[in-house]
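Good morning. I have one structure to go through today, and I will keep it short. Please have a look at it first.

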Amino acid sequence: MSLEIEHTCPECASVTTFYRTASTLVQLGEKTKWSCTDCDYGFVKIGEIESDAGISA
Ligand SMILES: [Zn+2]
């Protein structure tokens with residue numbers, strides 16, 4: 001898995017580069033945290049499932 005991805009940021013209202021800030025293995029797969037390089041927005045992915053529940057989750 002790469003350390004950077006292109007992703008739509010709702011804060012920037014455009015596609016920006018996100019970088020991976022953390023990665024842990026959980027029961028459902030690999031849990032990764034991503035942060036926008038242009039603002040403080042972040043989201044969490046578990047396997048291929050995205051969640052904007054919060055970067056602190
Ligand atoms: Zn952003």
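Before the metal site, one definition: four donors count as tetrahedral if all angles lie between 85 and 135 degrees. Keep in mind that this is a predicted model.

Now the zinc ion. Its donors are the SG atoms of Cys 9, Cys 12, Cys 36 and Cys 39, at 2.3 to 2.4 Å. The angles among these four donor atoms are 104 to 113 degrees, so by that definition the site is tetrahedral. For reference, the ideal angle for four tetrahedral donors is 109.5 degrees. Along the sequence, the spacing of the donor residues reads C-x2-C-x23-C-x2-C.

Are Cys 36 and Cys 39 buried or partly exposed? The cut-off for buried is under 20% relative accessible area. Cys 36 has 4%, so Cys 36 counts as buried. Cys 39 has 23% and is therefore partly exposed.

Next, Thr 16, which sits in strand β2, residues 14–26. Its relative accessible area is 5%, which means that Thr 16 is buried. Leaving out residues up to four places away in sequence, Thr 16 touches Ile 5, Glu 6, His 7, Cys 9, Cys 36 and Asp 38. Two of those names, Cys 9 and Cys 36, you have already heard as zinc donors.

Last, the sheet. It is open, with five strands in the order β1-β2-β3-β4-β5, and the pairing is antiparallel. β1 (4–9) and β5 (49–51) are the edge strands, each paired on one side only. On average, neighbouring strands are turned by 35 degrees against each other, direction ignored. At one end, β4 (residues 42–46) pairs with β5 over three bridges. There, Lys 45 stands opposite Glu 50 of β5.

Methods:
Residues numbered from 1 in each chain as written. Predicted model: local features only at pLDDT ≥ 70, side-chain atom pairs only at ≥ 80, totals over all residues. Heavy atoms only, no water. Donors = N, O, S within 2.8 Å, 3.2 Å for Na, K, Ca; no water. Tetrahedral: all angles 85-135°; square planar, octahedral: opposite > 155°, others 65-115°. Buried < 20%, exposed > 50% of the residue type's maximum accessible area, 1.4 Å probe, protein only. Helix = DSSP H or I, 4+ residues; strand = E, 2+ residues; numbered from the N terminus. Contact = heavy atoms within 4.5 Å. Pairing = 2+ DSSP bridges. Axes fitted to C-alpha atoms, helices over the stretch in contact; angles between N-to-C directions.
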